[in-house]
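The following exercises concern a single protein model. Each task is followed by a solution that proceeds step by step.

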Amino acid sequence: MFLLESTAQDVQGANMITTVVMLVAMVAIFYFFMYRPQKKQEKETASMRDGLQVGDEITTIGGIIGKIVSIKDETVLIETSNERNKIRILKTAVRNVDVHAEDAD
């Protein structure tokens, strides 16, 4: 009888260790496939926004395409057409840089 109880405890302990290992593995998979790439993308986007220059052609998150006329702390002034319409937007509203100023020359 004592032998059966000892075996049952060993099996229960092994099941518990397996559960903990699986949980740790799931957290590691979540980190490497979801959290880490997202942080990398956020870092690249912040770097792109910090590197904006006058003359860059950009696209905003709203789909507006324009050329940067001036840059202040957190805002950018862009020209959006041949009529030289100007719009002030937040730097965080810039989705991507289509043409860099030095490439346009």
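**Exercise 1. State the order of helices and strands along the sequence, and describe the protein as a whole.**

Step 1. Along the sequence the elements follow the pattern α-β-β-β-β-β-α, that is, two helices and five strands. Helices (H or I, at least four residues) and strands (E, at least two) are DSSP runs, numbered from the N terminus.

Step 2. The model is predicted: local features need pLDDT of at least 70 and side-chain atom pairs count only at pLDDT 80 or more, whereas totals for chains, interfaces and linings use all residues. Residues are numbered from 1 along each chain as its sequence is written, and side-chain values use heavy atoms, with hydrogens and water left out.

Step 3. Of the 105 residues in the protein, 19% are buried; buried means under 20% relative accessible area, exposed over 50%, and partly exposed in between (1.4 Å probe, protein chains only).

Step 4. The accessible surface comes to about 8300 Å², and 60% of this belongs to carbon and sulfur atoms. Accessible areas come from the Shrake-Rupley method with a 1.4 Å probe, and for residues only the protein chains shown count as cover.

Step 5. Contact means heavy atoms within 4.5 Å. Among contacts between residues at least 6 apart in sequence, 36% join residues at least 24 apart.

**Exercise 2. Determine how strand β1 pairs with β2 and with β5.**

Step 1. Two strands pair if DSSP finds at least two bridges between them. Strand β1 (residues 57-60) pairs with β2 (residues 65-71) in the antiparallel sense over three bridges.

Step 2. Two of the residue pairs can be located individually: E57 stands opposite K67, and I58 stands opposite G66.

Step 3. The hairpin of β1 and β2 has four residues between the strands, and there G63 takes a positive phi near 95°.

Step 4. Strand β1 is also joined to β5 (residues 94-99), by four bridges in an antiparallel arrangement. In β5, N96 is the bridge partner of T59.

**Exercise 3. Describe how β2 continues into β3.**

Step 1. The two strands form a hairpin with three residues between them.

Step 2. Four bridges join β2 to β3 (residues 75-79), and the strands run antiparallel. One of the partners in β3 is I78, which bridges to I68.

**Exercise 4. Is T60 buried or exposed, and which residues does it touch?**

Step 1. T60 lies in β1. Its relative accessible area is 4%, so T60 counts as buried.

Step 2. Not counting residues up to four places away in sequence, T60 touches I78, I89, A93, V94 and R95.

Step 3. For one of these contacts a backbone distance can be given: the C-alpha atoms of T60 and A93 are 5.4 Å apart, although 33 residues separate the two along the chain.

**Exercise 5. Locate the salt bridges and classify their partners by exposure.**

Step 1. A salt bridge is a side-chain nitrogen of Lys or Arg within 4 Å of a carboxyl oxygen of Asp or Glu. The structure holds two.

Step 2. One links E42 and K39 (3.5 Å, N to O). These residues are about one helical turn apart, because they are three residues apart in helix α1. E42 is partly exposed at 40% relative accessible area, and K39 is partly exposed at 41%.

Step 3. The other links R84 and E79 (3.3 Å, N to O). R84 is exposed, with a relative accessible area of 56%, whereas E79 counts as buried at 16%.

**Exercise 6. Examine R49 and the nonpolar patch that includes Y35.**

Step 1. R49 lies in helix α1. R49 is buried yet has no salt bridge; D50, the nearest side chain of opposite charge, is 8.2 Å away. Here Lys and Arg count as positive and Asp and Glu as negative, while His and the chain ends are not counted.

Step 2. Apart from neighbours within four places in sequence, R49 is in contact with K91, T92 and V94.

Step 3. Y35 also lies in helix α1 (residues 2-50) and is partly exposed, with a relative accessible area of 41%.

Step 4. Together with I29, F30, Y31, F32, F33 and M34, Y35 forms a nonpolar surface patch with about 800 Å² of accessible area. Patches are made of residues with over 30% relative accessible area and no salt bridge: like charges are joined within 9 Å, and nonpolar side chains (Val, Leu, Ile, Met, Phe, Trp, Tyr) within 5 Å.
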